[in-house]
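The exercises below are to be worked with the sequence and the coordinates at hand. Each task is followed by a solution in steps.

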Amino acid sequence: FLFVPRDFSFISSSNTLEMCPPSSNVHQKEEASTSTLKSLVGVLSLTSIGLLVGVIVLATQQSGGDAPATVVPDVATEEVSSLSQEERSLTAFMESKATSAFFAEAEDNTCAGKKIALDNDLCVNMEVAPQAGANVTKGYVGGLEVGELAPNTKPYYQSSMCPVNVHWHLGSEHYSAGEYDELGDGPHGNQPRPDWAQRERDLAEGKVRDGFRCRHYDAADEKFTKEYDWKHCEGMEVGETYEVHWPHSAAGACGTVNQYQTPFYDGVFCNLNMETLVTLQAQDIANAVGVHGQVFTIVNDEEYFYPDLIRGMLVDGEHGQDMAIYTGSTTGTSRSNEVCSSYTPITWQVDRKCHMISASSFDKMCYDMKMQRDDMSGDLHAHGSRELVHDKYVANNQYDKATRE
């Protein structure tokens, strides 16, 4: 609005303007004008009412007299309106990423290709090379003597470590009696504990090797069986058990846009080369590289929604409290009890409890993965699970966080 000031300074107590009284002719003219104006207003009012009645009659005739006429929406408008507000926002973000300068140049990802390749080897050829995933049941002790080698028992951030990736496995790679074990269940049953030969045959036939299931699943409860409309994760299923891993590293691109990487090895070794790696002692590596492991059963129930799984293990209430800590290795189906991982020793901190979490929590995590600078599409699905490691390859340095704090 524009405010225009008016100057009234010419009026003062000593300079009062004298106003002439109106003549009788002026009064007569004003009365005539008023009468004419009233007549025009009346005519306009009647005209407006007539037009309104005509519109109502026309609309009633076009709709058969039962309802107002239907307006056919534009097809493009109808498609957009069929999307929820959240879906429209997510779509817009994906489109923005495609045009963003932050993602334009591949060489801006300073961690790309930083993986240091260490080949698997026959377990019998490896000396002190503790493996994962192991039995994490409270009281369990592995059979591999590792001397003074100890896991990092502090919260990882206190050792300048940050998560450099998130991925998950079908079923649990670890074993926790009473939580995720051979007595658990899911939409496709469970694994025995363990049938090594059968699991090797499944792998040879190209099947995704699965791990153990939690004990939450109930086929009579809709939250374990009602399908979820996955938008970002791939091949996931309500009611299934998944073990989520967050690899951490002190050599990661912590606090930068390059922090999260696929494969996770790029993130682990981002600021570490082979020349430096060979100078490190086993304890140095166990102190600087670790994994958080947490096992979930997926439910279609928003009561179990958690919005920030990409950030790290859920620590709240019973989540992340009863922890088994030991030194092990990387996992996955390329390793077994005959072929072992050379990426060892690293610290494992594993939640012994199995928790329920909503499918939407996972889908949100997959969306967040898509938003990273690095292409994490290779981790949007569940990976196969390594068979449970034999006692003789499990370190004997288990640390029970819950009982020692």
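**Exercise 1: a helix and its burial**

The buried residues of helix α8 are A359, S360, S361, F362, D363, M365, C366, Y367, D368 and M369. The model is a predicted one.

Task. State how many residues of α8 are buried, and check the distance between its end C-alpha atoms against the expected span.

Solution.
1. Ten of the twelve residues of α8 are buried, and the helix is mostly covered.
2. The helix takes in residues 359-370, and at 1.5 Å a residue its expected span is 16 Å.
3. The end C-alpha atoms are 17 Å apart, which agrees with that expected span.

**Exercise 2: strand β6 and its partners**

Task. Determine how many residues of β6 are buried, and which residues lie on each of its faces. Then find how many bridges join β2 to β6, β3 to β6 and β7 to β6.

Solution.
1. Strand β6 covers residues 241-249, and nine of these nine residues are buried, so the strand is largely enclosed by the rest of the structure.
2. One side carries T241, E243, H245, P247 and S249, the other Y242, V244, W246 and H248; both faces are covered.
3. Strand β2 (residues 162-163) runs antiparallel to β6 and is joined to it by two bridges. Here C162 has S249 as its bridge partner.
4. Strand β3 (residues 167-170) is also antiparallel to β6, with four bridges. H167 stands opposite H245.
5. With strand β7 (residues 289-299), β6 pairs in the antiparallel sense over nine bridges. The partner of H245 in β7 is G293.
6. H245 can thus be placed between two partners: H167 in one pairing and G293 in the other.

**Exercise 3: the surroundings of L277**

Task. Is L277 buried or exposed, and which residues does it contact, leaving aside neighbours within four places in sequence?

Solution.
1. L277 belongs to helix α6, residues 274-277.
2. The relative accessible area of L277 is 13%. The cut-off for buried is under 20%, so L277 is buried.
3. Beyond the excluded neighbours, the contacts of L277 are I116, F269, L272 and I285.
4. I116 is 161 residues from L277 along the chain, while their C-alpha atoms are separated by 9.2 Å.

**Exercise 4: aromatic rings**

Task. Give the number of aromatic pairs. Classify the pair Y175 and F212 and the pair Y265 and Y343 by geometry.

Solution.
1. The count is nine aromatic pairs.
2. For Y175 and F212 the ring centres are 5.2 Å apart and the planes are at 80 degrees, so this pair is edge-to-face.
3. Y175 sits in the loop between β3 and β4, and F212 in the loop between α4 and β5, so the pair ties together parts 37 residues apart in sequence.
4. Y175 counts as buried at 6% relative accessibility, and F212 counts as buried at 0%.
5. For Y265 and Y343 the centres are 4.7 Å apart and the planes are at 40 degrees, so this pair is tilted.
6. Y265 is in helix α5 (residues 264-268) and Y343 in the loop between β9 and β10, 78 residues apart. Both residues are buried.
7. K115 lies over the face of Y265, at 4.5 Å from the ring centre.
8. Ring pairs also link W168, Y242, F296 and F362 into a cluster. Of these, Y242 is one of the buried residues of β6, and F362 one of the buried residues of α8.

How values were computed:
Residues are numbered from 1 along each chain as its sequence is written. This is a predicted model: local features need pLDDT of at least 70, side-chain atom pairs count only at pLDDT 80 or more; totals for chains, interfaces and linings use all residues. Side-chain values use heavy atoms; hydrogens and water are left out. Buried means under 20% relative accessible area, exposed over 50%, partly exposed in between (1.4 Å probe, protein chains only). Two strands pair if DSSP finds at least two bridges between them. The expected span of a helix is 1.5 Å times one less than its number of residues. Contact means heavy atoms within 4.5 Å. Rings of Phe, Tyr and Trp (its six-membered ring) pair if their centres lie within 6.5 Å; planes under 30 degrees apart count as stacked, over 60 as edge-to-face and the rest as tilted. A charge sits over a ring if NZ of Lys or CZ of Arg is within 6 Å of the ring centre and within 35 degrees of the ring normal.
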